[in-house]
Amino acid sequence: MARMIPSVISPEVKSNAERKIFEWFRDDPETDGWVVIHSLGIANHRTVLYGELDFFVIAPKLGVFALEVKGGRVRCEDGIWLFTNKYNQTTSKSRGPFAQANEGMFSLMDAVRKKYGPQHRLSNLLYGTGVMFPDISFAVEGTEGEQWQVFDDRDGHNVGAYIKKLSRNTRKKWEEQFGFFPAEKLPDAKDVKELANMLRGNFDKVMSTATQINYSEDALISLTEEQFRCLDQLEDNPRCLIRGAAGTGKTLLAIEAAKKAAISGEKVAFFCFNSMLGSWLKRYFERENPELQPAYVGTIHAWMTKVAALSGLQPHPAGDDLQHYYQEELPLITFEALDKSPLQYDRIIIDEAQDIIGSSAFDILDVVLKNGLARGKWFMFGDFTNQAIFNQGIDSEKCLKELEDTTSFIKFRLKINCRNTKQIGDEIRYITGFDSSAYLWTKVAGVPVEYKTYKTREEELHILQAVLDKLIKDGVEPGKITILSPYKRESSVASAVTRFEIRDYKPEIHDMITFSTVQSYKGLENAVIILSDVDTFAHERLMYVGLSRARSGLYILETEAAEGEHVQLLMKAVTK
């Protein structure tokens with residue numbers, strides 16, 4: 001696959017055609033070893049020195065090609081080119097796309113010769129041009145260009161094959177004009193690197209960490225086609241089980257399902273397990289969609305406490321055995337409260353279902369859901385493989401089978417990660433051994449994952465403050481940074497930080513650096529995660545949760561012993 005410059009297409013680029021072409025070059029296995037420069041994306045940061053061409057392709061053994069991309073409807077009348085976009089808006093230009101491509105190519109050749117001299121090898125490579133119409137079939141008329149220079153909808157996604165066709169015909173044209181074609185005119189790997197470095201040095205200034213993160217965030221934000229299909233399934237079926245690994249958009253889909261149910265006038269209870277996620281969900285509806293807020297939104301344990309209190313029962317945990325209280329005592333008190341004051345919902349939505357199904361709390365839902373779990377309306381979202389870290393030994397898969405024996409429901413499996421950048425996804429696989437054979441990771445590029453090794457607590461503190469300092473100086477907003485630790489704050493390095501104000505995570509804090517334990521942050525995410533105090537990678541599920549919270553930037557602070565473990569895990573992954 002090609003090396004793209006820049007690695008992420010600018011969100012300011014509105015052309016869907018350019019976005020498609022960018023992705024096709026990035027993903028085509030035939031483009032391995034190529035460098036593809038998207039000049040308009042670069043133009044959003046610095047002035048483009050070689051015109052406003054859409055793409056430059058530098059391909060070993062093929063040549064250097066300047067490409068112009070035109071999306072939507074294209075026609076030429078009386079020498080004027082007319083371009084109509086998807087909104088039926090038409091613009092006109094006297095210069096056609098073939099002329100633009102030629103001007104871009106000659107501008108590039110002039111710059112190379114000016115830098116290296118006319119006799120230099122890079123000045124005498126095979127240079128060519130092409131025009132890409134991914135949305136239409138295009139037939140060349142007149143003398144503007146040749147049909148072999150055209151890429152259109154009949155070529156599908158095969159940009160690699162198109163460049164090879166350009167190379168063959170450009171060589172053929174050279175031979176018709178000059179005779180024998182010397183093989184040294186075709187660039188080798190060294191030429192590709194040198195020419196790419198020249199171009200990058202001229203107009204692809206290094207983007208700040210904040211800019212790269214913002215690009216990644218914009219690229220990750222939209223629903224995938226898979227998620228839209230899932231929403232369609234939710235509309236058509238009263239009971240649905242949606243499974244998916246971290247980052248597949250389960251919480252987002254649960255929110256959308258709750259909104260649709262509220263619009264239809266249903267009384268909805270939206271349950272989760274994690275208290276921080278429950279607080280975030282409640283705040284989300286209060287701030288973003290108060291008119292669509294469910295009748296209840298939050299954790300199932302907070303709901304049970306509320307139900308008991310409304311019935312005049314005041315549950316209080318006895319002693320330090322909170323686990324026994326929440327698993328045994330509180331559900332019994334809630335059953336008693338519901339017996340005194342019955343309560344029912346038209347629909348129940350459960351996020352983090354892997355932590356709720358099979359528990360005593362789950363049995364209560366059969367009582368409060370109209371027509372019960374067997375005939376009522378419910379949606380459950382969960383990761384029953386990798387994130388069941390609070391199920392206290394309950395076999396959630398067995399519980400699902402028992403549920404399946406009592407009622408009918410459809411199943412939908414989400415397989416596309418739309419949260420984490422490619423670099424973070426790769427690290428999750430290496431460290432946790434996550435079986436991704438049936439799982440598609442996002443191809444959105446981001447900043448590299450960084451490991452920082454420390455020997456002492458003082459050294460970790462110095463590293464953490466240095467990372468924070470760099471992020472803030474690079475323009476990353478403090479609210480986009482969260483520090484996670486396997487340990488409570490008083491036992492974490494975060495407690496020793498003095499140069500930055502760090503608040504314990506709360507949904508209402510959106511403009512400051514925050515801290516949380518990994519366990520408490522399950523179901524949540526942020527643009528940048530600093531995973532601190534890592535002294536082992538042995539706890540795979542905990543590591544999976546911690547690593548997968550990062551959308552665009554991930555920093556891991558590890559002991560020397562943990563470093564040895566992660567190196568072994570990396571070697572194991574590479575040799576598989």
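Axes here are lines fitted to C-alpha atoms, for helices over the stretch in contact, and the angles between them run from 0 to 180 degrees between N-to-C directions.

**Figure 1. Overview of the protein chain in this predicted model.** The protein chain contains 18 helices and 21 strands, and of its 576 residues 52% count as buried. Among the contacts in the chain with a separation of 6 or more, 72% are accounted for by residues that lie 24 or more positions apart. The chain exposes about 26,600 Å², and carbon and sulfur atoms supply 49% of that area.

**Figure 2. The packing of helix α8 with helix α9.** Helix α8, which spans residues 250-263, packs with helix α9, residues 275-288, at an angle of about 45 degrees, and their axes are 12 Å apart. The two helices are therefore oblique to each other, and α8 passes α9 in a right-handed crossing. On the side of α8 the meeting residues are Thr 251, Ile 255, Ala 258 and Lys 259, while α9 brings Leu 277, Trp 280, Leu 281, Tyr 284 and Phe 285. Sorted by class, this contact has seven nonpolar residues, one polar residue and one charged residue. A general point about helices helps in reading such a list: an α-helix has 3.6 residues a turn, so residues three or four places apart point the same way.

**Figure 3. The surroundings of Tyr 505, in the loop between β18 and β19.** Tyr 505 has its place in the loop that runs between β18 (502-504) and β19 (513-517), and it counts as buried because its relative accessibility is 11%, where the cut-off for buried is under 20%. Leaving aside residues up to four places away in sequence, Tyr 505 touches Met 276, Trp 280, Thr 514, Phe 515, Ser 516, Tyr 521 and Leu 524. One of these, Trp 280, is also among the α9 residues that meet α8. Tyr 521, another residue touched by Tyr 505, is 16 residues from it in sequence and 8.6 Å from it in space, C-alpha to C-alpha.

**Figure 4. Helix α17, a mostly covered helix, and its neighbours.** Of the eight residues of helix α17 (residues 540-547), six are buried, namely Leu 542, Met 543, Tyr 544, Val 545, Gly 546 and Leu 547. These buried residues pack against α15 (422-432) and also against the strands β17 (481-485), β20 (526-534) and β21 (550-559). The axes of α15 and α17 come within 10 Å and cross at roughly 170 degrees, which means that α15 is roughly antiparallel to α17. In this contact, α15 contributes Ile 424, Glu 427, Ile 428, Ile 431 and Thr 432, and α17 contributes Glu 540, Met 543, Tyr 544 and Leu 547. By class, the contact of α15 with α17 has six nonpolar residues, one polar residue and two charged residues.

**Figure 5. Glu 352 and Asn 371, two loop residues with a positive phi.** Most residues other than glycine have a negative phi. Glu 352, although not a glycine, has a positive phi of about 55 degrees, and it is found in the loop between β13 (347-350) and α12 (360-368). With a relative accessibility of 5%, Glu 352 counts as buried. Asn 371, which is not a glycine either, has a positive phi of about 70 degrees and is found in the loop between α12 and α13 (372-375). Asn 371 is exposed, with a relative accessible area of 56%.

Terms used
Residues are numbered from 1 along each chain as its sequence is written. This is a predicted model: local features need pLDDT of at least 70, side-chain atom pairs count only at pLDDT 80 or more; totals for chains, interfaces and linings use all residues. Side-chain values use heavy atoms; hydrogens and water are left out. Helices (H or I, at least four residues) and strands (E, at least two) are DSSP runs, numbered from the N terminus. Angles under 35 degrees count as roughly parallel, over 145 as roughly antiparallel, 65 to 115 as roughly perpendicular and the rest as oblique. A crossing is left-handed if the near helix is turned anticlockwise from the far one by less than a right angle, and right-handed if clockwise. Contact means heavy atoms within 4.5 Å. Ala, Val, Leu, Ile, Met, Phe, Trp, Tyr, Cys and Pro count as nonpolar, Asp, Glu, Lys and Arg as charged, and the others, Gly among them, as polar. Buried means under 20% relative accessible area, exposed over 50%, partly exposed in between (1.4 Å probe, protein chains only). Accessible areas come from the Shrake-Rupley method with a 1.4 Å probe; for residues, only the protein chains shown count as cover.
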